[in-house]
Amino acid sequence: MASVNDRWWVKQPDGSKKKSDRHGTGMRWQVRYRNPEGQSRNKSFIRQVDAERFASSIEYELNRGSYFDPKLGQIKFKDLADQWFANRTVNPSTIKQNDIHLRHHILPYWGERAVGSIKNSDIQNWIAQLNANGLSPKYVRLVFANFRLVLEVAVRDELLTKNLAIARNFSFPASSNQRVEVWTTEQFKAIIQALPPEALLGGTCGLRQGEIFGVRVQDLDLETGVITVRQQITALDYKPTPALTKNRRTRSVPLPSFVADLFIEHL
């Protein structure tokens, strides 16, 4: 039950009123109530009508079960980010990337902010600042994605009623349309002659760079002409490190006979 109290007047036992110590100072009308956990809460207003409206809305939310305690949104962003980062279950290279995004681009701007105080305009200003700092449009979106995941923790823990960081609500720097220059047949033949057969897996089998680096002898079936992609090599702390493939699944790719012949010769 929410009650509206006059902070300027104190009711006496005989029913009369006298001026309080606060009379004439500060906001006069105070709404007092208890949240669903039984904790005392209050909010003050200048006008009685505003206090009564707030009291009615609080009672409605408490009865409906939709009440949100604004004090929960006072947790600092950096504390929420620490919680999110500690519970990440992705591959080591992604963890490293998340750490860089947090330390260099997210926490310097948001670390000390209470998550409940973040507004759409604040987020748009931050996006503009990232762009002004020289980050590429693609990298800005990557950093923003991690920012959004941190706020999602606040929503799941009921510290926020909704996640403001929805990409469609913001304007991002436009990506430049880079023209793809496809090698000519002569250029590709020159590459074949200059590099070992592993390099051909990009041009003939469509393997990603990390997957090419991760190919082992046991991944090649040279008799049937199939290569099984099981791992990739990523750079972790500037060191080549085996890791799962991008989609964490193995796949079989046809191996052209002339590439298989080159592997046989190489081995």
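Trainee: Let's start small. Which residue of β4 stands opposite D6?

Mentor: W29 in β4 is the one facing D6. Keep in mind that we're reading a predicted model here. From that pair you can work outwards to the strands.

Trainee: OK, outwards then. How many bridges join β1 to β4, and do the two strands run parallel or antiparallel?

Mentor: Four bridges hold β1 to β4, which covers residues 29–34, and the two run antiparallel.

Trainee: In what order do the strands of that open sheet come?

Mentor: Read across it and you get β1-β4-β5, three strands with antiparallel pairing. The edges are β1 (3–6) and β5 (40–45), each with pairing on one side only. As you step from one strand to the next, the twist averages 25°.

Trainee: Which helix lies across those strands, and at about what angle does it run to β4?

Mentor: That's α1, residues 48–64, lying across β1, β4 and β5. Its direction is about 10° from that of β4.

Trainee: There's another open sheet of three strands. What is its order?

Mentor: Here you read β6-β7-β10, and the pairing is antiparallel. On the edges sit β6 (220–221) and β10 (251–254), each paired on one side only. Two bridges tie β6 to β7, residues 226–229, with the strands antiparallel. To find your place, look for D221, which has V226 of β7 opposite.

Trainee: Now helices. What describes two packed helices?

Mentor: Two things: the angle between the axes and the distance between them. Try α2 (residues 77–86) against α5 (residues 137–156): the angle is about 95° and the axes are 9 Å apart.

Trainee: Why is α2 called roughly perpendicular to α5?

Mentor: Because the angle of about 95° falls in the 65 to 115 degree range that counts as roughly perpendicular. So α2 is roughly perpendicular to α5.

Trainee: Which residues make the contact?

Mentor: From α2 you have F77, L80, A81, Q83 and W84. From α5 come N146, F147, L149, V150, L151, V153 and A154. Sort the contact residues by class and you get ten nonpolar, two polar and no charged.

Trainee: On to empty space. How much of it lies in the largest pocket, and which residues lie nearest its centre?

Mentor: About 300 Å³. The lining has 13 residues, with G210, Q232, I233, T234 and A235 nearest the centre. For the elements, look at α8 (209–213), β8 and β9, which each supply at least two lining residues. The top contributor is β8, with four. By class, the pocket lining has five nonpolar, six polar and two charged residues.

Trainee: And how many cavities of 30 Å³ or more does the structure hold?

Mentor: One. The volume of the largest cavity is about 30 Å³.

Trainee: Which residues line the largest cavity?

Mentor: Select N91, P92, S93, T234, L236, T241, P242 and A243. Two or more of the lining residues come from each of α3 (92–110), β8 (232–236) and β9 (239–243). This time β9 gives the most, with three residues.

Trainee: How many nonpolar, polar and charged residues are in that lining?

Mentor: Four nonpolar, four polar and no charged for the largest cavity. Put T234 on your list for a second look: T234 lines the largest cavity, and T234 is also among the residues nearest the centre of the largest pocket.

Note on methods: Residues are numbered from 1 along each chain as its sequence is written. This is a predicted model: local features need pLDDT of at least 70, side-chain atom pairs count only at pLDDT 80 or more; totals for chains, interfaces and linings use all residues. Side-chain values use heavy atoms; hydrogens and water are left out. Axes are lines fitted to C-alpha atoms, for helices over the stretch in contact, and angles run from 0 to 180 degrees between N-to-C directions. Angles under 35 degrees count as roughly parallel, over 145 as roughly antiparallel, 65 to 115 as roughly perpendicular and the rest as oblique. Contact means heavy atoms within 4.5 Å. Ala, Val, Leu, Ile, Met, Phe, Trp, Tyr, Cys and Pro count as nonpolar, Asp, Glu, Lys and Arg as charged, and the others, Gly among them, as polar. On a 1 Å grid over the protein atoms alone, a cavity is a set of points where a 1.4 Å probe fits but cannot get out, and a pocket is an open set with protein on both sides within 12 Å along at least five of seven lines; lining residues have an atom within 4 Å of a point. Grid points are joined across faces, edges and corners, and a volume is the space filled by probe spheres set on the points. Two strands pair if DSSP finds at least two bridges between them.
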